[in-house]
Amino acid sequence: MRAMVAVCRCGESSARVHGRYIRRLRDVAVGGLGVVIELCVRRFRCENARCPAVTFAEQIAGLTTPHSRYTPVLRGMLTQIGLALAGRAGARLAGVIGITVGRDTLLRMVRAVPEPDVGEVEVLGVDDFAFRKGRHYGTLLIDMATHRPLHLYDGREGEDLAAWLRGHPEVKVICRDRSSGYGEGARLGAPQAQQVADRYHLWANLGQAVEKSVNAHRSRLAEPAPDDAAEWVEGEPAVVQPPQELKIVTRLREQHAAAHELWTQGMSKAAIGRKLGLHQATIRKLVNARSADDVVAKSLQRARVVDPYVGHLHRRWNEGVRNAAQLYREIQQLGYPGGELAVQRHLRRYRTGRGHTPAVGPKPPSVREVTSWIMTHPEHLRDENTDKLHRLRERDAELDRLTCHVRKFAAMMTGRHGDRLEDWIADAEQDTLVPLATFARNLRRDLDAVRNGLTLSHSSGAVEGNVNRLKMLKRQMFGRAGLDLLRKRVLLAR
């Protein structure tokens with residue numbers, strides 16, 4: 001039954017009907033077909049002399065809202081689709097369920113949703129994300145108790161974080177990475193809060209130092225050649241024809257010698273780069289290398305598709321089979337996935353002169369493999385990798401000390417023994433492993449936060465998860481959406 005009176009937006013009731021008109025509202029689709037509701041709506045005259053509206057239209061609770069062409073149910077559904085899928089993808093999904101809507105309409109609905117109230121936050125997570133990697137960054141704030149995004153803003157300066165924290169004096173703990181900007185912002189904006197350096201970032205920074213240390217020992221990763229001589233074919237000389245040195249290896253040796261000669265003459269690295277026509281980073285690598293072997297080791301140990309089958313190729317070559325096509329077919333039956341050209345290139349250096357190919361020793365592990373062995377818990381290593389790491393530590397005392405340092409840090413981190421941090425830093429600084437000593441010295445710059453990270457149970461895992469989700473939303477919009485739309489989707493799309 002239709003009401004006799006209607007209420008104006010000023011709050012005044014009126015029973016004076018001014019006129020009628022037909023209003024069309026789109027509703028949720030039924031059976032895949034769009035639904036349009038037609039209403040005969042009355043307009044009333046407002047009797048409040050102070051009201052700016054002379055007439056007003058009646059509204060039906062739960063069905064109409066002012067100036068809307070959608071029912072509240074349909075509008076709520078489209079808003080959720082827009083939050084989940086943004087414009088184009090949301091419009092396609094709406095079309096599948098029988099609702100025709102444009103992508104711009106969906107985005108307008110998303111922008112019209114009010115942002116949620118922040119409320120009180122005791123444990124705050126802070127991390128940055130890239131709008132454009134290396135150039136433009138933003139900051140994401142997370143409530144660590146509920147894992148809910150609280151705020152998203154442009155930039156990653158400490159002053160912006162401090163300004164937000166001043167409005168939230170209830171914050172007691174701030175979980176962050178080791179960024180000095182966030183550390184300073186947290187100190188200025190919330191001096192009462194404990195700062196906690198995330199253990200993931202500590203372990204990642206330690207891994208980088210370990211990789212640099214292992215890379216400096218790259219030339220010593222290979223196991224010594226076996227003493228027993230290979231079995232030679234009867235009637236063939238046991239003289240091994242040494243393979244020709246690769247051109248890139250020869251060039252690196254020449255560059256290393258030239259760079260060190262100019263360095264001993266007192267020239268700067270920039271001047272050496274200009275004289276030799278090399279990038280300054282290359283000159284720095286050449287000058288810092290103790291020997292040419294450290295420079296060429298990376299090229300010599302580079303993985304090639306034919307490497308797992310070199311033993312078979314050399315054995316057959318020494319048996320007198322010199323046809324590369326035949327050898328290619330043989331290793332193809334063994335599972336070789338590459339092409340014949342790689343086999344020809346490998347055997348080409350043994351075709352000049354007469355002699356056998358060298359006996360194939362074990363291929364040295366890569367720097368990343370050794371780093372992963374050192375950074376992995378001993379109980380989680382495979383038996384073969386445990387043996388390789390054990391032999392490597394026996395051959396190289398510095399890598400043995402590096403492994404001990406890493407395992408002490410791991411025990412300190414997993415056991416929450418932050419009280420041992422000072423002793424660990426002192427031991428690492430006194431060692432000759434330069435990258436590890438540099439990592440230890442950097443820990444002193446943020447000592448309290450690092451100690452809290454190794455003592456308290458808080459971590460930034462929820463922050464990293466939300467940053468990954470933010471990256472997905474950002475890529476879903478192909479970088480064409482503004483910060484306001486990205487903020488709405490991050491804060492509201494749960």
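# Exercises on strands, helices and loops

Cys175 in S9 is the bridge partner of Gly125. Keep that pair in view as we start; the model you are looking at is a predicted one.

**Exercise 1. Find out how S6 and S9 run relative to each other, and place the two strands in their sheet.**

Step 1. Start from the pair Gly125 and Cys175. Strand S9 covers residues 173-176, and S6 spans 123-132.

Step 2. Now take the pairing as a whole: S6 and S9 are joined by three bridges and run parallel.

Step 3. Widen the view. The open sheet has five strands, ordered S8-S7-S6-S9-S10, and its pairing is mixed. At the edges are S8 and S10 (194-197), each of which pairs on one side only. On average, neighbouring strands of this sheet are turned by 25° against each other, with direction ignored.

Step 4. Add the helix. H20 lies across S6, S7 and S8, and its direction is at about 30° to S6.

**Exercise 2. Work out how S4 pairs with S3 and with S5, using Phe44 as your guide.**

Step 1. Look at S3 (residues 17-30) and S4 (residues 33-45): they run antiparallel and are joined by eleven bridges.

Step 2. Follow the chain through the turn. S3 and S4 make a hairpin with two residues between them, and Gly31 in that turn has a positive phi of about 60°.

Step 3. Locate Phe44 in S4, which stands opposite Val17. Phe44 also has a bridge partner in S5, namely Phe56.

Step 4. Finish with the second pairing: S4 and S5 (residues 55-57) are antiparallel too, over three bridges.

**Exercise 3. Is H21 mostly covered or mostly open, and what do its buried residues pack against?**

Step 1. Select H21, residues 483-492. The cut-off to apply for "buried" is under 20% relative accessible area.

Step 2. Seven of the ten residues in H21 pass, so by that cut-off the helix is mostly covered.

Step 3. Name them: Leu485, Leu486, Arg487, Lys488, Arg489, Val490 and Leu491. Charged side chains are on this list, with Arg487, Lys488 and Arg489 among the buried residues.

Step 4. Look for their surroundings. The buried residues pack against the helices H1 (72-85), H3 (103-112) and H20 (461-476), and against the strands S6, S7 (136-143) and S8 (148-154).

**Exercise 4. Describe the packing of H17 on H18: angle, handedness and the residues that make the contact.**

Step 1. Geometry comes first. H17 (residues 421-430) and H18 (residues 434-445) pack at about 145°, and their axes are 8 Å apart. The crossing is left-handed.

Step 2. Collect the contact residues. H17 supplies Leu421, Glu422, Trp424, Ile425, Ala426, Ala428 and Glu429, while H18 supplies Leu436, Ala437, Phe439, Ala440, Arg441, Leu443 and Arg444.

Step 3. Sort them by type: ten are nonpolar, none is polar and four are charged.

Step 4. To read the spacing in those lists, recall that an α-helix has 3.6 residues a turn, so residues three or four places apart point the same way.

**Exercise 5. Check the phi angles and exposure of His67 and Arg416, and then the exposure of His346.**

Step 1. Recall the background: most residues other than glycine have a negative phi.

Step 2. His67 has a positive phi near 65°, and its place is the loop between S5 and H1. His67 counts as exposed because its relative accessibility is 82%.

Step 3. Arg416 also has a positive phi, near 60°, and sits in the loop between H16 (397-414) and H17. Its relative accessible area is 32%, so Arg416 is partly exposed.

Step 4. His346 belongs to H13 (residues 340-348). With a relative accessible area of 10%, His346 is buried. Beyond its neighbours within four places in sequence, His346 is in contact with Val306, Val310, Leu313 and His314.

**Exercise 6. Compare the radius of gyration of the protein with that of a compact globule of 494 residues.**

Step 1. The compact globule would come out near 23 Å, whereas the protein has 35 Å.

Step 2. Consult the box along the principal axes: the C-alpha atoms fill roughly 120 × 60 × 50 Å.

Step 3. Add burial and contacts. Of the 494 residues, 40% count as buried. Among contacts with a separation of 6 or more, 60% come from residues 24 or more positions apart.

Step 4. Close with the inventory: 21 helices and ten strands.

Conventions: Residues are numbered from 1 along each chain as its sequence is written. This is a predicted model: local features need pLDDT of at least 70, side-chain atom pairs count only at pLDDT 80 or more; totals for chains, interfaces and linings use all residues. Side-chain values use heavy atoms; hydrogens and water are left out. Axes are lines fitted to C-alpha atoms, for helices over the stretch in contact, and angles run from 0 to 180 degrees between N-to-C directions. Helices (H or I, at least four residues) and strands (E, at least two) are DSSP runs, numbered from the N terminus. A crossing is left-handed if the near helix is turned anticlockwise from the far one by less than a right angle, and right-handed if clockwise. Contact means heavy atoms within 4.5 Å. Buried means under 20% relative accessible area, exposed over 50%, partly exposed in between (1.4 Å probe, protein chains only). Two strands pair if DSSP finds at least two bridges between them. The radius of gyration is taken over C-alpha atoms; the globule rule is 2.2 Å times the number of residues to the power 0.38.
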